[in-house]
Amino acid sequence: IAATQPSTNWHLKENARDHHTSKFSSKELIVRRGQAFIITFNGTEQPEKNLTFIAETGPKPSKLAKTQATFGISSTVSKETWSAVLQSTSSGSVSISISSPPNAVIGRYKLSVQSTLSGSSSPASLGTFVLLFNPWSSGDDVFMPNKAECDEYVLEEFGIIFAGNKNHINSFGWNFGQFQGDVLDICLSMLDRSLRYRQDPAADVSHRNDPKYLGRVLSAMVNANDDQGVLLGNWSGNYEGGKSPSSWTGSGEILQNWKKSGFKPVRYGQCWVFAAVLTTVLRCLGIPTRTITNFSSAHDAHGNLRVDEFYDASGKHLDRSPDSIWNFHVWNESWFSRSDLGPSYSGWQILDATPQEESGGIYQCGPASRNAVKEGDVDLDYDCPFVFAEVNADCMYWNYDPTTEKKTLIFSESATIGQFISTKAVGRDDRVDVTKDYKYEEGSTKERDIFKKARKKLGLEDKFDPTALTPQEIDQKPDISGKFKVAGTLEVGKDLNVILVLANLQSDAKTVHVNMTAWSTVYTRRPVHEIWKDSISVTLSPKEEKEFPIKIPYTEYQQQLTTDNMIQVTALCHVEGGIQVLAQRDIILDNPAIDIQVPGEAKVNKELDVEVIFTNPIDVDLMDCVLQVEGNDLLRGILEIDVPSLKASEKSSTKFKITPFETGPKHLLVNFSCDKFADIKTFKLVNVIA
């Protein structure tokens, strides 16, 4: 090798095209494992067959740990090891095709070349490249045979996240942005900041060939608990000192903020933010990943497949159990094989970066095989019991008397948890229901058998199971039934109208004392502010049904509402001489609509007019109005526009220009906030042509 440093042509464009990495905007070569890439370099005066290449990664590269490979030029590609095949030579320059094995460690590699003839001369550096997982390659643990699914779960930078509650599913767009700016570098530094890396850097890097290892490590790193990870969770309803979780519209800003602050946790996240950031990181590294929303999601803190909720005599939902039933919860599914469990447990794996319970002493969750969850195989790694409970736990509702500390079971149910489990469709902006992939049909014998199997595996079969009591074993049946109905529109800015319906189930008259409350909550159903309370006494004649309309004016709830726009109404009915009955409803109020108009044709590098239209629906002025706009390949970074105050019923039109810089279907995301409405979101599909 000549004394001069060889100059390397990485054939960035051709290699990126072949490796599905063209969307990265990097000057560095980014390729996928188990697949060949071409490089050309000059500065060699030795016969080509005497060249030896060295590829190494991590702080202590070693052949044993598979973080260093030394390979000469061979005539064929090896499937098992790194190899180099000569493509062509011309005066002083050599073109080589280099292949990595399909189970190579991923990350940033140094590549150097050495001549075997020149004895002890040190290797000459050719530069660095980044190696990623390869879902397009059949030898890879993350191999996904369906190309449309690879496009969606690895290459798509836009997503839709489902939220709300089981009676009212809503959705919003999210900009994953896994190929933008320095997101890849931030993802790699995330790995180098994990607890595993800090404990033993060389061992950690040597495990980076394994998607289940990386998935678990990253589920811990996306939350700030234990390791100064990316996002600090906050479910209090008060988000001072940071950004409210519902104000984010993409992962890019969060990851950039984390890096810019010197890797201090970003404030604040809630479940969908943790899940969206984990989606970005895993898609960036090449692991097919999607977000999943589970409605009526159980947080079983005791590992007994049961969730307990407590209410006092006034009907107030007490915050005295670590268990809870969230209106919705968002986690991730990533696609890879499970050599540790066997082929029937491969496919979608559940990962959850929201810090709920510790696993192995730190806040991480998964990968839990989705098939294992469906079959009740809760003894399999990792965290299957917790995930199984999220979609299957039984619910117990108790009346609790703080003075005597006595608790009385009001009722239990086994079919409310885990409903309408949702994800975005492949190639379309629609919702797909995947509940049947998590469990057998609710109420079927198979579903109850699986529940019993799971209880048995967790050693719970001898423990009290109140949901298994037959009606004869329960001392008394309720004499009345109570439920809430919703009347009229459910919109922020309008009065809330609900109807309490009480029915006497017996053939003699019953006197009922009803204590009612309404509280604003966060989406985990944690009460935040009391809005209203009332009590009534009624006598119901035999078999009579009565309706009691309740009106909560906007002026009464406006100050108390959280950014989740959720209100929980509760009625605890004390029947004279009978058992108590609990009626409860979680209500979501819709934000007013906002509209994006893109009148012209979208062309690359041509200015495009955009108009955002919003009408103030209430009879008070709206102040502090701000519009936030983002969209990959449509504009760089985030556009913030101050919008003038809006008088009652006034319509506002905000016009701005964007210049798209890539062709194809792109999504423009808009988020509007003011002093009375938080985070009104919408998105628009813009088709950019050349």
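Me: What volume does the largest cavity have?
Reply: This is a predicted model, so take the number as computed from that. A cavity here is a spot where a 1.4 Å probe fits but cannot get out. By this rule there are four cavities of 30 Å³ or more. The largest of these cavities comes in at about 60 Å³.

Me: Which elements each supply at least two residues of the lining of the largest cavity?
Reply: The lining consists of Glu152, Tyr153, Gly159, Ile160, Phe176, Arg283, Arg290, Thr291, Thr423 and Lys424. Sort those by element, and the ones that each give at least two residues are H2, strand S10 (158-165), strand S14 (289-299) and S22.

Me: How many of the residues lining the largest cavity are charged?
Reply: Glu152, Arg283, Arg290 and Lys424 are among the lining residues, and Asp, Glu, Lys and Arg are the types that count as charged. The rest of the split is three nonpolar and three polar, which leaves the charged class at four.

Me: Is Lys424 buried or exposed?
Reply: Lys424 sits in strand S22 (residues 419-424). Buried means under 20% relative accessible area. Lys424 has 8%, so the label is buried.

Me: Which residue forms a salt bridge with Lys424?
Reply: Side chains of opposite charge can pair when their charged atoms come close. For Lys424, the closest N and O atoms of the pair are 3.0 Å apart, and a salt bridge needs them within 4 Å. The partner is Glu152.

Me: How many residues apart are Lys424 and Glu152?
Reply: Lys424 and Glu152 form a salt bridge. The pair links distant parts of the chain, with Lys424 in strand S22 and Glu152 in helix H2 (residues 147-155). Glu152 also counts as buried, at 6% relative accessibility. The separation of the pair along the chain is 272 residues.

Me: Which residue has its backbone oxygen 2.9 Å from a polar atom of the Lys424 side chain?
Reply: Leaving aside residues up to four places away in sequence, Lys424 touches Glu152, Tyr153, Phe158, Gly159, Ile160, Phe162, Asp429, Asp430 and Val432. The backbone oxygen in question isn't from that list; it belongs to Arg428.

Me: How far apart are the N and O atoms in the salt bridge of Lys439 and Glu442?
Reply: The structure holds 37 salt bridges, and this is one where the ends get different burial labels. Lys439 counts as buried at 7% relative accessibility, while Glu442 counts as partly exposed at 28%. The N to O distance is 2.8 Å.

Me: Why does the salt bridge of Asp495 and Lys551 tie together separate parts of the sequence, and how many residues apart are they?
Reply: The two side chains meet at 3.5 Å, N to O. Asp495 lies in the loop between strand S24 (480-487) and strand S25 (496-504), and Lys551 in strand S28 (residues 545-552), so the pair joins parts whose separation in sequence is 56 residues.

Me: Which Asp is linked with Arg290, Glu333 and Arg370 in a network of salt bridges?
Reply: Arg290 turns up in the lining of the largest cavity too. In the network, Arg290 is linked with Glu333, Arg370 and Asp437. The Asp asked for is Asp437.

Me: Which residue has its backbone oxygen 2.8 Å from a polar atom of the Lys374 side chain?
Reply: Lys374 lies in helix H9 (residues 370-375). Its contacts, not counting residues up to four places away in sequence, are Lys436, Asp437, Tyr438, Lys439, Tyr440 and Ile450. The one that offers the backbone oxygen is Lys436.

Me: Which helix gives the most to the lining of the largest pocket?
Reply: That pocket has a volume of about 810 Å³. Of its 30 lining residues, the closest to the centre are Phe179, Gln180, Asn632, Asp633 and Phe661. By class the lining has six nonpolar, 15 polar and nine charged residues. With five residues, the top contributor is helix H7 (residues 251-260).

Me: Is Gln364 buried or exposed?
Reply: Gln364 lies in the loop between strand S18 (347-351) and strand S19 (368-369). The backbone oxygen of Ser359 lies 3.0 Å from a polar atom of the Gln364 side chain. At a relative accessible area of 7%, Gln364 is buried.

Conventions
Residues are numbered from 1 along each chain as its sequence is written. This is a predicted model: local features need pLDDT of at least 70, side-chain atom pairs count only at pLDDT 80 or more; totals for chains, interfaces and linings use all residues. Side-chain values use heavy atoms; hydrogens and water are left out. Helices (H or I, at least four residues) and strands (E, at least two) are DSSP runs, numbered from the N terminus. Buried means under 20% relative accessible area, exposed over 50%, partly exposed in between (1.4 Å probe, protein chains only). A polar contact is a pair of N or O atoms within 3.5 Å; within protein, one must be able to donate a hydrogen and the other to accept it, and residues adjacent in sequence count only if both atoms are side-chain atoms. Contact means heavy atoms within 4.5 Å. On a 1 Å grid over the protein atoms alone, a cavity is a set of points where a 1.4 Å probe fits but cannot get out, and a pocket is an open set with protein on both sides within 12 Å along at least five of seven lines; lining residues have an atom within 4 Å of a point. Grid points are joined across faces, edges and corners, and a volume is the space filled by probe spheres set on the points.
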